[in-house]
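Please look over the chain shown here. The report after it covers selected residues, helix packing and ring contacts.

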Amino acid sequence: MTGAGWRELWVTVSGRPVFVRAGPEVPGSVPVVHVHGFAVSGSYLLPTARALAAGATTVVPDLPGYGRSAGWGHALGIPSLAWALLDILDALALEQAVLVGNSMGGPVCLEVAHRAPDRVAGIVLASPAGGVHNQPLARALRQLAHDAVREHPRMARVVVPDYLRFGPLNALHLFGELVRFPSLERVLRTPVPTLAVIGTRDPLMPPLWRIQEIGRLAPPHLTIVMIDGAAHAMNFSHPGELSHVIGFWLDGREITDDPGQPGITRVLPTSVVPTRPSRRAGSGGDRRGTERRRGGGG
């Protein structure tokens, strides 16, 4: 599932074991940490994680209560998962990282960025869920059902065991919290360089006109990209396109389409030139060092 040079690690968070997949060490790089979505493990993130592993040290944890990681006896909410992710960074001795979150992983990454911006070199939001477009809960459940038939057929073999392990009661409780999360407000106030990647076939995302409106409101450090043909779990179905976009963004290059991939990449125009992070340690633009700040935050 991972490949040559990858390791399986266990770290301790609040006295409980957490499972982590780690790619080959890339000296001098800012590590890239991939954060999975609702009710699943990090397994489905591996196609994109492997594609990015040559450029930076890559980490794919199972958050507490997901996949192979021990649970708390109940499903942790998004704020608690954000604290747990910070504890995972501590346990792995990662002073700063780029966070790549899919679906619920997007809100978790946003929470970490708002609470401890000096620990985050940048965040990538691949299909970030939550907010008005996913409300009420019944609407979100219909969107999730529509997305299920749009995902790659092999996706089911990867995520269905995770869903069954997580359990329907935990899933319903956490999904209700997820759809109430103010993703748009958090994105527009993000304190770190941010890349949002949206799939045109993702029923959980807002319509194009709304995304364009968000682009016009975007701060200088927010870049919005669309991938034609991608549904919600683009980290699994479109790893070539997504890793291409992330790699260009991390390198500070103009994001262009990859002609070798089937999906078409489009960058939504904004009125300002975006600010981007860097793959290399110590070259993060106006980042203010790596001192941890676990309070405050928007």
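## Selected sites and contacts

Pro207 sits in the loop between strand E7 (194-199) and helix H8 (208-217). Helices (H or I, at least four residues) and strands (E, at least two) are DSSP runs, numbered from the N terminus. This is a predicted model, in which local features need pLDDT of at least 70 and side-chain atom pairs count only at pLDDT 80 or more, while totals for chains, interfaces and linings use all residues. Residues are numbered from 1 along each chain as its sequence is written, and side-chain values use heavy atoms, with hydrogens and water left out.

Pro207 has a relative accessible area of 34%, so it is partly exposed. Buried means under 20% relative accessible area, exposed means over 50%, and partly exposed lies in between (1.4 Å probe, protein chains only). Pro207 and Ala97 are 110 residues apart along the chain, and their C-alpha atoms are separated by 31 Å.

**Helix H9**

Helix H9 spans residues 234-237 and includes Ser237. Phe236 is in H9 too. Is Phe236 buried or exposed? Phe236 counts as buried because its relative accessibility is 15%. Ser237 is at 21%, so it counts as partly exposed.

Contact here means heavy atoms within 4.5 Å. Setting aside residues up to four places away in sequence, Phe236 touches Tyr44, Pro47, His152, Arg154, Met155 and Val158. On the same basis, leaving out residues up to four places away, Ser237 touches Glu151 and His152.

Two C-alpha separations help to place these residues. Phe236 and Arg154 are 82 residues apart along the chain, with 9.2 Å between their C-alpha atoms. Ser237 and Thr200 are 37 residues apart in sequence and 13 Å apart in space, C-alpha to C-alpha.

**Helix packing**

Axes are lines fitted to C-alpha atoms, for helices over the stretch in contact, and angles run from 0 to 180 degrees between N-to-C directions. Helix H2 (residues 78-91) and helix H3 (residues 105-115) have axes that come within 8 Å and cross at roughly 65°. H2 is therefore roughly perpendicular to H3. Angles under 35 degrees count as roughly parallel, over 145 as roughly antiparallel, 65 to 115 as roughly perpendicular and the rest as oblique.

The crossing of H2 and H3 is right-handed. A crossing is right-handed if the near helix is turned clockwise from the far one by less than a right angle, and left-handed if anticlockwise. On the H2 side, the contact is made by Ile78, Pro79, Leu81, Ala82, Trp83, Leu85 and Leu86. H3 supplies Pro107, Val108, Glu111, Val112 and Arg115.

Helix H4 (residues 137-148) packs against helix H6 (residues 168-180) at an angle of about 105°, with the axes 10 Å apart. H4 is therefore roughly perpendicular to H6. Leu137, Ala140, Leu141 and Leu144 of H4 meet Leu172, Phe175, Gly176 and Val179 of H6.

Which residues does Leu144 contact, leaving aside its neighbours within four places in sequence? They are Phe175 and Leu204. Leu144 has 26% relative accessibility, so it counts as partly exposed. His232 is 88 residues from Leu144 in sequence and 9.0 Å away in space, C-alpha to C-alpha.

**Positive phi**

Most residues other than glycine have a negative phi. The table lists two serines with positive values.

| Residue | Phi | Place | Relative accessibility |
|---|---|---|---|
| Ser14 | near 50° | loop between strand E1 (7-13) and strand E2 (16-22) | 52%, exposed |
| Ser127 | about 55° | strand E6 (residues 120-128) | 0%, buried |

**Rings and charges**

Rings of Phe, Tyr and Trp (its six-membered ring) pair if their centres lie within 6.5 Å; planes under 30 degrees apart count as stacked, over 60 as edge-to-face and the rest as tilted. By this rule, there are three aromatic pairs. One of them is Trp10 with Phe19, a tilted pair at 5.2 Å centre to centre and 55° between the planes. Phe19 has a relative accessible area of 1%, so it is buried. Trp10, at 47%, is partly exposed.

A charge sits over a ring if NZ of Lys or CZ of Arg is within 6 Å of the ring centre and within 35 degrees of the ring normal. The charged end of Arg16 sits over the ring of Trp72, 4.3 Å from its centre. Arg253 lies over the face of Phe248, 3.8 Å from the ring centre.
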